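Colleague: I have the sequence and the coordinates open. Can we go through the fold piece by piece?

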Amino acid sequence: MRALPAAKRAFATVLTLCVCLLSACAPQSDVATTTAAEDDTQVLLGFSQLGSESAWRIGNTKSIQDAAKRAGVQLMYENAEQKQEKQIKAIRSFIAYQVDVIAFSPIVEDGWDNVLEEAKQAGIPVLITDRRINTTDESLIVGFVGSDFYAEGRRAGRFLLEKMAGQETVTIVEISGTVDSTPMRARGSGFRDELAGDARFTIVESVSGDFLRSKGKECMEGLLSRHAVIDVLFSHNDSMTLGAIEAIEEAGLAPGKDIVIVTVDGEQAAIDLLKEGKINCVVECTPLIGDMIMALAKRLAAGETIPRNIYSDERVFSEFDTDLDSLPPREY
Ligand code: GZL
């Protein structure tokens with residue numbers, strides 16, 4: 001495990017002792033924190049989160065923070081608020097602090113090689129979580145844990161093939177995620193590949209809602225104004241779908257009936273609307289990967305190698321299911 005340089009650890013100890021002496025009546029929790037800070041067997045994980053744009057992301061962050069506590073991993077957490085440059089800055093700060101492991105969810109796929117080369121030179125393993133990167137040097141990362149977005153796109157298409165059986169022509173509009181992000185690229189291509197063999201399906205327009213509810217509503221308002229006939233909405237995440245449903249209802253149409261809706265994530269609000277008949281299919285994309293991340297971080301800090309790709313186990317929820325009322329709470 002990577003220890004802090006002796007000088008830095010000595011400084012931390014002296015500082016901690018001073019704090020203890022100055023706050024002799026400190027509540028138990030401060031003393032507990034001090035003890036933890038001195039425990040140099042703890043894995044120190046630097047995690048750069050891309051933002052808090054959706055219920056999925058908020059659930060992902062909670063999963064990571066709760067899992068770190070359960071695992072006894074010391075977590076340095078930074079929220080980049082949807083800005084790649086802030087993620088790069090956070091990764092550089094983790095390198096300077098000489099964490100044992102770096103993990104991050106890259107907001108977009110391109111532009112990471114320089115900072116990851118710096119981590120590699122510093123001997124710090126980098127684990128990619130949730131989304132992926134494009135790189136010319138695969139040695140810059142040690143592995144990926146998250147979802148197979150291409151498979152999610154295919155599952156969305158597969159539902160439509162069943163749902164729209166017998167309909168002569170099917171006009172689709174798509175509200176996609178953050179441009180150049182892995183889920184946007186892969187969900188879109190999986191969806192298209194699944195429908196490619198059936199000429200009845202036409203995607204008449206695709207617009208990006210950046211995974212945001214507000215933009216999902218704006219996108220749907222525009223799509224409704226430009227297309228007299230829309231049979232299906234394929235939305236890359238539930239937050240945008242919730243916004244789109246507002247627009248559909250404000251236009252006097254019935255979501256789930258006048259317009260078939262296929263969405264991705266599986267947040268509680270979407271499952272509730274599925275039960276109400278306002279959404280027809282929810283393709284699961286679980287954010288609850290915190291425990292997997294912590295287990296992998298511990299193995300990396302111990303010098304182990306890990307599998308290159310570890311995928312979450314996910315399902316599809318749809319109007320064809322009979323178990324919707326017995327589903328446990330979604331946790332996001
Ligand atoms: C998918 C994740 C996406 C979710 C969105 O793993 O990256 O980002 O589908 C989130 O809800 O904003």
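Colleague: Which residue in β4 does F104 stand opposite?

Modeller: First, the basis. This is a predicted model, with local features needing pLDDT of at least 70, side-chain atom pairs counting only at pLDDT 80 or more, and totals for chains, interfaces and linings using all residues. Residues are numbered from 1 along each chain as its sequence is written, and side-chain values use heavy atoms, leaving out hydrogens and water. Strands (E, at least two residues) and helices (H or I, at least four) are DSSP runs numbered from the N terminus. β3 (residues 101-104) and β4 (residues 126-129) pair in the parallel sense over 3 bridges, where pairing takes at least two DSSP bridges. Opposite F104 in β4 stands I128.

Colleague: Why is one side of β2 and of β11 left without a neighbour in the sheet?

Modeller: The sheet is open and parallel, with 6 strands in the order β2-β1-β3-β4-β5-β11. The twist averages 20 degrees from one strand to the next. β2 (74-79) and β11 (309-311) lack a neighbour on one side because they stand at the edges, each with a single partner strand.

Colleague: How many residues of β1 are buried?

Modeller: Buried means under 20% relative accessible area, exposed over 50%, partly exposed in between (1.4 Å probe, protein chains only). L44, G46 and S48 point one way, L45, F47 and Q49 the other, and all are buried. The buried count for β1 is 6 of 6.

Colleague: Which residue's side chain makes a polar contact with the side chain of S147?

Modeller: S147 lies in the loop between β5 and α6 (149-163). S147 is buried, at 4% relative accessible area. A polar contact is an N or O pair within 3.5 Å; within protein, one atom must be able to donate a hydrogen and the other to accept it, and residues adjacent in sequence count only if both atoms are side-chain atoms. At 2.5 Å, the partner is E314.

Colleague: At what angle do α6 and α7 cross?

Modeller: Axes are lines fitted to C-alpha atoms, for helices over the stretch in contact (heavy atoms within 4.5 Å), and angles run from 0 to 180 degrees between N-to-C directions. The contact includes F149 and L160 of α6 and F191 and L195 of α7. The axes of α6 and α7 (residues 182-195) come within 6 Å, and the crossing angle is roughly 40 degrees.
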